[in-house]
Amino acid sequence: MAFYASLPRPIKYLHYLYTKYIKRDPFWAELLYNFCARSAHEQWELVAKREAYKAEWHAWWRDEAKIDVLLCPPNATPAVPHGGMKDAVASCGYTFLFNLLDYTAGVIPVTHVDRELDGLPVGFAMKGMNGVGRGAYKHYDAGKMHGLPVGVQVVGQRLQEEKVLAVMERVVGVLEQEGKGYGLLDIE
């Protein structure tokens with residue numbers, strides 16, 4: 001991404017057009033289009049949009065969802081090989097969102113990748129996926145990832161660290177009580 005950021009704006013615009021209209025990946029194209037330096041005025045406009053978005057989320061959480069915490073995946077896949085995040089970084093929306101919202105979040109390992117259970121279905125093809133999906137699955141290989149931790153993310157609202165930690169502790173306790181506690185990876 002550092003190389004892309006250093007490209008002249010007209011070159012980036014041509015790449016955006018290529019991605020959107022020739023590769024037909026509007027989601028990835030939109031990410032590329034907005035990846036550029038901003039003036040102070042543009043930055044403050046984005047800050048105002050972010051704050052409005054945060055207020056909307058907070059209202060939804062308080063008035064509609066009425067939940068204490070949210071349990072969700074921390075990432076689209078387990079750990080990727082060293083250097084693999086250059087391809088998969090855009091698939092980290094599971095954590096980006098809560099960083100943007102300034103919400104409290106923690107991740108706990110709950111199980112391990114199993115080469116038998118977690119393999120991709122026969123005939124799985126990345127061809128129809130957008131750039132984010134392709135990045136997420138480019139390095140996915142249940143055989144190579146066998147034994148790696150699989151986590152769950154516990155998300156709470158701003159300044160709810162104690163509540164999130166208590167729920168994380170409770171999840172670990174329930175798993176241990178059921179005999180499914182997370183065991184450390186056995187390294188040979």
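Start your tour by selecting Pro 109 and Gly 151: Gly 151, in strand 3, is the bridge partner of Pro 109. Before you click further, know that this is a predicted model, where local features need pLDDT of at least 70, side-chain atom pairs count only at pLDDT 80 or more, and totals for chains, interfaces and linings use all residues. Residues are numbered from 1 along each chain as its sequence is written, and side-chain values use heavy atoms, with hydrogens and water left out.

**Stop 1: the sheet**

Stay with strand 3 and pick Ile 108 next; its bridge partner there is Val 152. Now widen the selection to residues 104-112, which make up strand 2, joined to strand 3 by eight bridges and running antiparallel to it. A word on the terms: strands (E, at least two residues) and helices (H or I, at least four) are DSSP runs, numbered from the N terminus. Two strands pair if DSSP finds at least two bridges between them.

Then add residues 70-72, which are strand 1, and residues 149-156, which are strand 3; this pair is antiparallel too, with three bridges. To find one of the links, select Leu 70 and look for Val 155, its bridge partner in strand 3.

With the strands all on screen, which order do they take in the sheet? The order is 1-3-2, in an open sheet of three strands with antiparallel pairing. Strand 1 and strand 2 stand at the edges with a single partner strand each, so each has one side without a neighbour in the sheet. On average, neighbouring strands here are turned by 25° against each other, direction ignored.

Next, select residues 161-177. That is helix 9, which packs on the sheet, touches strand 2 and strand 3, and points at about 10° to the direction of strand 2. Touching, or contact, means heavy atoms within 4.5 Å. Axes are lines fitted to C-alpha atoms, for helices over the stretch in contact, and angles between N-to-C directions run from 0 to 180 degrees.

**Stop 2: a pair of helices**

Jump back towards the start of the chain and select residues 9-22 (helix 2) along with residues 26-33 (helix 3). Their axes come within 8 Å and cross at roughly 170°. Helix 2 and helix 3 are therefore roughly antiparallel to each other, a label used for angles over 145 degrees (under 35 is roughly parallel, 65 to 115 roughly perpendicular, and the rest oblique).

Show side chains here. On the helix 2 side of the contact, look for residues including Tyr 13, Tyr 16 and Lys 20; on the helix 3 side, Trp 28, Glu 30 and Tyr 33 are among them. Sorted by class, this contact has seven nonpolar, two polar and three charged residues. Nonpolar here covers Ala, Val, Leu, Ile, Met, Phe, Trp, Tyr, Cys and Pro; charged covers Asp, Glu, Lys and Arg; the others, Gly among them, are polar.

**Stop 3: helix 4 and a neighbouring loop**

Select residues 40-65, helix 4, and pick out Trp 60 inside it. Trp 60 counts as partly exposed, at 33% relative accessibility. (Buried means under 20% relative accessible area, exposed over 50%, and partly exposed in between, with a 1.4 Å probe and protein chains only.) Apart from residues up to four places away in sequence, Trp 60 touches Ala 65 and Lys 66. Try a distance too: the C-alpha atoms of Trp 60 and Ala 166 are 23 Å apart, with their positions 106 residues apart along the chain.

Also in helix 4 is Lys 54. Is Lys 54 buried or exposed? Lys 54 is buried, at 16% relative accessible area. Leaving aside neighbours within four places in sequence, Lys 54 contacts Leu 100, Leu 101 and Asp 102.

Follow that last contact. Asp 102 sits in the loop between helix 6 (93-101) and strand 2 and is partly exposed, at 39%. Asp 102 has a positive phi of about 65° although it is not a glycine.

**Stop 4: one more loop**

Select Leu 159, in the loop between strand 3 and helix 9. Leu 159 also has a positive phi, near 60°, and is not a glycine. Leu 159 counts as exposed, at 61% relative accessibility.

**Last stop: zoom out**

Show everything: the protein has nine helices and three strands. Its C-alpha atoms fill a box of roughly 60 × 45 × 30 Å along the principal axes. Of the 188 residues, 25% count as buried.
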